[in-house]
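User: Can you walk me through the charged pairs in this one? Short answers are fine.

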Amino acid sequence: MRIGVVTFWHGNGNYGMMLQCWALQQVLKNLEHNPFVIRFCRPKKKGLPRKLMEAMGIYGFFLYFINREKYQLNQKKKRHDILRRFEQFRQENLSLSSKKYSTLQQIRDSPPPADCYIVGSDQVWSQGLDNCNNQVYYLNFGTEKVKRISYAPSFGFSKYPDSLLPTLRKALSRFDAISCREQSGVEICRQLGFEATKVLDPTMLLDKHYYEAMAAEHRPLTDNPYVFIYSLNIKSSDEIRFEELESYMKTNALDLVVTPADGYCQGLEIYGNKAIYSYATIGQWLSNILHSSLVITPSFHGVVLSIILEKPFIYSPLRGQHAGGNERITGILQALGLEARMLLDNKSVLSIIQKNIDWIEVRHKLTKLRNESLSFLSQSLSEK
């Protein structure tokens, strides 16, 4: 079948976003379908023009300096994004729709021809239905004849806003098959009367040799053993107890490689001038994980790729307003018997490092979950 996929695909600083998009497309190709990414991307909000700020007098003066700082950060981000080469990865590895859409009305007026639409994975269902354009993430376009499937979308929180439940119920009614990445998502769907299946993120549907092949062209960035930090959603190094980690590295003569990435906040160089900062391509990022002695990260896909590539890791949970996003990781850690890798308040970095991982057992559990998820996807696509 020709399958149009709605997901996050257009960012330039989030490695997990790009790999989940690529992985689902690869899995669908392995199932002998013809998938493509529907290029839906809501336009970004722009700041106030400089002339307008000047016309606003003293208020404009302050706004100018605030915006100047943002401008400088954005210029630095653009330089880093060039090094990551995500656009090159998209052009070389993804099939994309010929048209690009920025509103629900645009895609309704000219929906991409397909036998099936799939939404997922990633936190696409965290996009609030109080904005009509986010109906795109619930496949509210195209004819009724087109099959509609959700594969592993995440709501990003455990309780859906009560005021939007009627809108969500109507949105879910369009689907022929529903799955979610977290159990909380399954429960939200069931609360509204829809059966949903818990499945793995698309990145976990592929064996590690796919990722090893992508990393093969890239050498480690240091000849010494090293710790790799995938620094996503980290504003302060204290959030991953960096002093403890640094002490461990000094004792064991380990280098430090860091990939700062953009998520809820912009990725910054906050680990000192001895760190090797790697604004890596997708292949180099995978190489950074593959050749490391230890990975530490709060990132879902940083943890997932560490598991797939069978590398020792520490998961540092998100805190504060974004803590609701931890379930997507704690759920998979519990399913694979890896809860001990979580950096909780009552644990030290060293105590986690000293615990060995039974990769044979992890592999066995992952294979079972992978087969169940592939079965859901295959059956959903074949059912009339």
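The chat below goes through salt bridges and the burial of their partners.

Analyst: Sure. Keep in mind that this is a predicted model.

User: How many salt bridges are there?

Analyst: The structure has 16 salt bridges.

User: Which residue does Arg 84 pair with?

Analyst: Asp 81. Their side chains form a salt bridge at 3.5 Å, N to O.

User: Where do Arg 84 and Asp 81 sit along the chain?

Analyst: In helix α3, residues 58–84. Arg 84 and Asp 81 are three residues apart there, so about one helical turn separates them.

User: Is Arg 84 buried or exposed?

Analyst: Arg 84 is buried, at 2% relative accessibility. Asp 81 is buried too, at 12%.

User: OK, helix α4. Which residues make a pair there, about one turn apart?

Analyst: Arg 90 and Glu 87, three residues apart in helix α4 (residues 86–93). Their salt bridge is 3.0 Å, N to O.

User: And burial for Arg 90 and Glu 87?

Analyst: Arg 90 is buried, with a relative accessible area of 2%. Glu 87 is partly exposed at 39%.

User: New topic. What is the N to O distance for Glu 244 and Arg 241?

Analyst: 2.6 Å, in a salt bridge between their side chains. Arg 241 has 19% relative accessibility. Buried means under 20%, so Arg 241 counts as buried. Glu 244 is partly exposed at 31%.

User: Which residues do shared salt-bridge partners join into one network?

Analyst: Lys 77, Asp 81, Arg 84 and Asp 262. The Arg 84 and Asp 81 pair from earlier belongs to that network.

Methods
Residues are numbered from 1 along each chain as its sequence is written. This is a predicted model: local features need pLDDT of at least 70, side-chain atom pairs count only at pLDDT 80 or more; totals for chains, interfaces and linings use all residues. Side-chain values use heavy atoms; hydrogens and water are left out. A salt bridge is a side-chain nitrogen of Lys or Arg within 4 Å of a carboxyl oxygen of Asp or Glu. Helices (H or I, at least four residues) and strands (E, at least two) are DSSP runs, numbered from the N terminus. Buried means under 20% relative accessible area, exposed over 50%, partly exposed in between (1.4 Å probe, protein chains only).
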